[in-house]
Amino acid sequence: MAITFPRTLPNLSDIQQVMTRQKTLVSVSEGLFSGVQQLQKQPFQRWEIEYTVIPLNREDMDVWWSWLVSLNGREKTFYGVLQAPNEIKGLAKNYSNPQLNGIHAARLGSLSIDTGPSGITGYLKEGDFIQLGSTTESRLHMVLEDVATNGSGQATFDIWPDTQASYSDNATVTVSSPKGLFRLMQNTVEIIQDGSNTRKGLRFGAAGVI
(Lines give C-alpha, C1' and ligand atoms only; values in the text may rest on other atoms or scores of the structure.)
Protein backbone atom coordinates (compact mmCIF):
# COMPACT_ATOMS: atom_id res chain seq x y z
CA MET A 1 0.00 0.00 0.00
CA ALA A 2 1.36 3.41 -0.95
CA ILE A 3 2.48 5.78 1.81
CA THR A 4 0.17 8.74 2.34
CA PHE A 5 1.30 12.17 3.47
CA PRO A 6 1.37 14.00 5.79
CA ARG A 7 2.77 11.18 7.96
CA THR A 8 2.52 10.83 11.72
CA LEU A 9 5.57 10.47 13.97
CA PRO A 10 6.47 6.79 14.48
CA ASN A 11 6.43 6.67 18.29
CA LEU A 12 6.30 9.63 20.70
CA SER A 13 7.68 7.51 23.54
CA ASP A 14 10.96 7.16 21.59
CA ILE A 15 11.54 10.92 21.68
CA GLN A 16 14.15 11.78 24.31
CA GLN A 17 14.11 15.53 23.84
CA VAL A 18 12.13 18.17 22.00
CA MET A 19 13.75 21.56 21.45
CA THR A 20 11.17 24.11 20.36
CA ARG A 21 12.09 27.45 18.83
CA GLN A 22 9.79 30.43 18.27
CA LYS A 23 10.78 32.33 15.15
CA THR A 24 9.31 35.71 14.36
CA LEU A 25 10.35 38.78 12.41
CA VAL A 26 10.09 42.26 13.87
CA SER A 27 12.02 45.06 12.16
CA VAL A 28 13.48 47.77 14.40
CA SER A 29 15.01 50.99 13.10
CA GLU A 30 16.56 53.77 15.19
CA GLY A 31 16.95 57.44 14.43
CA LEU A 32 20.62 58.22 13.89
CA PHE A 33 20.62 61.19 16.28
CA SER A 34 17.41 60.83 18.28
CA GLY A 35 17.63 57.11 18.98
CA VAL A 36 13.86 56.91 18.61
CA GLN A 37 12.84 53.39 17.64
CA GLN A 38 10.29 52.44 15.03
CA LEU A 39 8.97 48.89 15.00
CA GLN A 40 7.37 47.00 12.15
CA LYS A 41 5.84 43.60 12.85
CA GLN A 42 6.17 41.33 9.82
CA PRO A 43 3.69 38.50 9.08
CA PHE A 44 6.39 35.81 9.37
CA GLN A 45 5.81 33.63 12.46
CA ARG A 46 6.50 29.92 12.78
CA TRP A 47 7.53 27.12 15.11
CA GLU A 48 10.79 25.25 14.63
CA ILE A 49 11.51 21.98 16.41
CA GLU A 50 14.38 19.56 16.88
CA TYR A 51 13.71 15.99 17.94
CA THR A 52 16.28 13.73 19.60
CA VAL A 53 15.41 10.04 19.56
CA ILE A 54 16.65 7.69 22.31
CA PRO A 55 19.21 5.01 21.35
CA LEU A 56 17.24 2.08 19.93
CA ASN A 57 17.98 -1.38 18.66
CA ARG A 58 18.37 -1.75 14.93
CA GLU A 59 14.80 -2.90 14.28
CA ASP A 60 13.17 -0.01 16.15
CA MET A 61 15.59 2.59 14.82
CA ASP A 62 15.02 1.42 11.27
CA VAL A 63 11.37 2.42 11.69
CA TRP A 64 12.48 6.00 12.36
CA TRP A 65 15.14 5.95 9.67
CA SER A 66 12.81 4.71 6.93
CA TRP A 67 10.18 7.21 8.07
CA LEU A 68 12.67 10.07 7.66
CA VAL A 69 13.89 8.78 4.31
CA SER A 70 10.29 8.58 3.06
CA LEU A 71 9.95 12.34 3.53
CA ASN A 72 12.62 12.79 0.84
CA GLY A 73 14.25 15.73 2.53
CA ARG A 74 12.06 18.81 2.45
CA GLU A 75 9.62 17.49 -0.16
CA LYS A 76 7.03 15.76 2.02
CA THR A 77 5.33 16.82 5.24
CA PHE A 78 4.38 15.25 8.58
CA TYR A 79 2.28 15.96 11.64
CA GLY A 80 4.58 17.32 14.33
CA VAL A 81 4.11 18.02 18.02
CA LEU A 82 5.88 20.59 20.18
CA GLN A 83 5.96 18.53 23.35
CA ALA A 84 6.09 14.87 24.33
CA PRO A 85 3.88 13.64 25.89
CA ASN A 86 1.49 15.74 23.86
CA GLU A 87 -1.05 16.78 26.50
CA ILE A 88 -2.41 20.14 27.64
CA LYS A 89 -2.50 21.14 31.30
CA GLY A 90 -5.92 22.79 31.17
CA LEU A 91 -9.20 21.09 32.07
CA ALA A 92 -10.35 21.37 28.44
CA LYS A 93 -8.86 17.89 27.91
CA ASN A 94 -11.76 16.50 29.97
CA TYR A 95 -14.42 17.93 27.65
CA SER A 96 -15.31 17.93 23.97
CA ASN A 97 -13.31 20.18 21.67
CA PRO A 98 -14.60 23.79 21.69
CA GLN A 99 -15.56 25.72 18.56
CA LEU A 100 -14.69 29.15 17.26
CA ASN A 101 -17.23 31.80 18.17
CA GLY A 102 -17.66 33.76 14.95
CA ILE A 103 -15.62 34.09 11.77
CA HIS A 104 -11.87 34.50 12.35
CA ALA A 105 -9.72 36.17 9.71
CA ALA A 106 -6.03 35.51 9.09
CA ARG A 107 -3.41 37.43 11.11
CA LEU A 108 -5.41 37.48 14.34
CA GLY A 109 -3.55 37.17 17.62
CA SER A 110 -6.55 36.03 19.64
CA LEU A 111 -9.36 33.48 19.50
CA SER A 112 -12.94 33.53 20.71
CA ILE A 113 -14.48 30.16 21.50
CA ASP A 114 -17.83 28.80 22.60
CA THR A 115 -19.55 25.43 23.24
CA GLY A 116 -17.24 24.89 26.20
CA PRO A 117 -18.39 23.99 29.73
CA SER A 118 -19.78 26.93 31.70
CA GLY A 119 -17.81 28.68 34.41
CA ILE A 120 -14.60 26.61 34.33
CA THR A 121 -11.44 28.18 35.76
CA GLY A 122 -8.26 26.72 34.28
CA TYR A 123 -10.06 25.57 31.13
CA LEU A 124 -6.80 26.27 29.27
CA LYS A 125 -3.46 27.11 30.85
CA GLU A 126 -0.78 29.43 29.55
CA GLY A 127 1.68 27.38 27.53
CA ASP A 128 -0.93 24.89 26.35
CA PHE A 129 -0.93 24.09 22.63
CA ILE A 130 -4.09 23.93 20.54
CA GLN A 131 -4.72 23.02 16.92
CA LEU A 132 -6.62 24.90 14.24
CA GLY A 133 -7.52 23.24 10.97
CA SER A 134 -7.06 19.60 9.99
CA THR A 135 -5.05 17.43 7.60
CA THR A 136 -2.82 19.67 5.46
CA GLU A 137 -4.26 22.78 7.14
CA SER A 138 -3.28 21.69 10.69
CA ARG A 139 -1.54 24.49 12.59
CA LEU A 140 -0.30 24.68 16.19
CA HIS A 141 -0.82 27.71 18.42
CA MET A 142 0.29 28.40 21.99
CA VAL A 143 -2.18 29.77 24.52
CA LEU A 144 -0.54 32.84 26.11
CA GLU A 145 -2.69 33.19 29.22
CA ASP A 146 -4.82 31.16 31.59
CA VAL A 147 -8.33 30.84 30.19
CA ALA A 148 -11.63 30.58 32.10
CA THR A 149 -15.00 30.09 30.42
CA ASN A 150 -17.96 32.28 31.31
CA GLY A 151 -21.45 31.12 32.20
CA SER A 152 -22.20 30.48 28.53
CA GLY A 153 -19.08 28.39 27.91
CA GLN A 154 -17.34 31.20 26.01
CA ALA A 155 -13.84 32.67 26.27
CA THR A 156 -11.46 34.97 24.41
CA PHE A 157 -7.70 34.63 24.72
CA ASP A 158 -4.37 35.47 23.06
CA ILE A 159 -2.38 32.97 20.99
CA TRP A 160 0.92 32.69 19.11
CA PRO A 161 1.48 32.58 16.20
CA ASP A 162 -1.30 34.66 14.72
CA THR A 163 -3.90 32.76 12.74
CA GLN A 164 -2.44 31.79 9.38
CA ALA A 165 -5.74 31.31 7.58
CA SER A 166 -9.35 32.36 7.89
CA TYR A 167 -11.74 30.13 9.82
CA SER A 168 -15.50 29.84 9.74
CA ASP A 169 -17.86 30.15 12.67
CA ASN A 170 -18.05 26.90 14.66
CA ALA A 171 -14.73 25.61 13.31
CA THR A 172 -13.26 23.04 15.70
CA VAL A 173 -10.41 23.97 18.06
CA THR A 174 -8.57 20.73 18.84
CA VAL A 175 -7.31 20.48 22.42
CA SER A 176 -6.73 16.71 22.53
CA SER A 177 -3.34 15.62 21.10
CA PRO A 178 -2.91 18.79 18.99
CA LYS A 179 -0.57 18.63 16.02
CA GLY A 180 0.63 20.84 13.19
CA LEU A 181 2.01 20.43 9.69
CA PHE A 182 5.82 20.41 9.52
CA ARG A 183 8.58 20.01 6.95
CA LEU A 184 12.20 18.95 7.52
CA MET A 185 14.73 21.77 7.78
CA GLN A 186 17.33 19.95 5.69
CA ASN A 187 17.52 17.60 2.74
CA THR A 188 20.12 15.41 4.46
CA VAL A 189 19.41 12.66 7.01
CA GLU A 190 22.30 11.35 9.14
CA ILE A 191 22.37 8.37 11.48
CA ILE A 192 25.30 6.89 13.43
CA GLN A 193 25.68 3.13 13.81
CA ASP A 194 28.07 1.63 16.36
CA GLY A 195 29.60 -1.86 16.34
CA SER A 196 26.73 -3.39 18.30
CA ASN A 197 23.14 -3.90 17.24
CA THR A 198 22.27 -0.32 18.21
CA ARG A 199 22.01 2.70 15.94
CA LYS A 200 22.54 5.98 17.72
CA GLY A 201 22.57 9.71 17.19
CA LEU A 202 19.23 10.25 15.41
CA ARG A 203 18.32 13.92 15.54
CA PHE A 204 16.41 16.02 13.07
CA GLY A 205 14.86 19.47 12.82
CA ALA A 206 11.68 20.69 11.18
CA ALA A 207 9.80 23.93 10.60
CA GLY A 208 6.09 24.59 10.67
CA VAL A 209 4.48 25.03 7.27
CA ILE A 210 3.01 28.48 6.80
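**Exercise 1. State what share of the residues is buried, and describe the overall make-up of the protein.**

Buried residues, meaning those under 20% relative accessible area, where exposed means over 50% and partly exposed lies in between (1.4 Å probe, protein chains only), make up 39% of the 210 residues in the protein. This is a predicted model, in which local features need pLDDT of at least 70 and side-chain atom pairs count only at pLDDT 80 or more, while totals for chains, interfaces and linings use all residues. Residues are numbered from 1 along each chain as its sequence is written, and side-chain values use heavy atoms, with hydrogens and water left out.

Next, take the secondary structure: the protein has one helix and 15 strands, where helices (H or I, at least four residues) and strands (E, at least two) are DSSP runs numbered from the N terminus. The C-alpha trace spans about 60 × 55 × 30 Å along its principal axes. Finally, consider the contacts, which are heavy atoms within 4.5 Å: among those between residues at least 6 apart in sequence, 73% join residues at least 24 apart.

**Exercise 2. Find the largest nonpolar core and the elements that give two or more residues to it.**

Begin with the term: a nonpolar core is a set of buried Ala, Val, Leu, Ile, Met, Phe, Trp, Tyr and Cys residues joined through side-chain atoms within 4.5 Å. The largest such core has 24 residues, and those with the most contacts inside it are Leu-9, Tyr-51, Trp-64, Trp-67, Phe-78, Phe-182 and Phe-204. Two or more residues of this core come from each of β3 (37–53), α1 (58–70), β12 (180–184) and β15 (203–208). Apart from this core lies another, of 19 residues, which includes Ala-92, Ile-113, Ile-120 and Val-143.

As a last step, look at Phe-182 and leave out residues up to four places away in sequence: among the residues that Phe-182 touches are Trp-47, Ile-49, Phe-78, Leu-140 and Ala-206.

**Exercise 3. Describe the largest pocket and the largest cavity by volume and by lining.**

Rolling a probe the size of a water molecule over the atoms shows where empty space is left. On a 1 Å grid over the protein atoms alone, a cavity is a set of points where a 1.4 Å probe fits but cannot get out, whereas a pocket is an open set with protein on both sides within 12 Å along at least five of seven lines, and lining residues have an atom within 4 Å of a point. Grid points are joined across faces, edges and corners, and a volume is the space filled by probe spheres set on the points.

The largest pocket has a volume of about 230 Å³. Eleven residues line this pocket, and Gln-186, Thr-188, Arg-203, Phe-204 and Gly-205 lie nearest its centre. Strand β15 gives the most to the lining, with three residues.

Turning to cavities, the count comes to one of 30 Å³ or more, and about 100 Å³ of space lies in the largest cavity. Of the 14 residues that line the largest cavity, Trp-47, Arg-139, Leu-140, Gly-208 and Val-209 are the closest to its centre. β3, β9 and β12 each supply at least two residues of this lining.

**Exercise 4. Work out the surroundings of His-141 and Arg-46.**

His-141 lies in strand β9 (residues 139–143) and counts as buried because its relative accessible area is 0%. Its side chain reaches the backbone oxygen of Pro-161 at 2.7 Å. Leaving aside residues up to four places away in sequence, His-141 touches several residues, including Trp-47, Asp-128, Phe-129 and Trp-160.

Arg-46 has its place in strand β3 and is buried as well, because its relative accessible area is 17%. The side chain of Arg-46 makes a polar contact with the side chain of Glu-48 (2.7 Å); a polar contact is a pair of N or O atoms within 3.5 Å, of which, within protein, one must be able to donate a hydrogen and the other to accept it, and residues adjacent in sequence count only if both atoms are side-chain atoms. With residues up to four places away not counted, Arg-46 also touches Trp-160, Met-185 and Ala-207, among others.

**Exercise 5. Decide whether Glu-190 and Tyr-167 are buried or exposed.**

Glu-190 is found in the loop between β12 and β13 (192–193), and it is exposed because its relative accessibility is 61%. Tyr-167 is found in the loop between β10 (155–160) and β11 (173–174), and it is buried because its relative accessibility is 11%.
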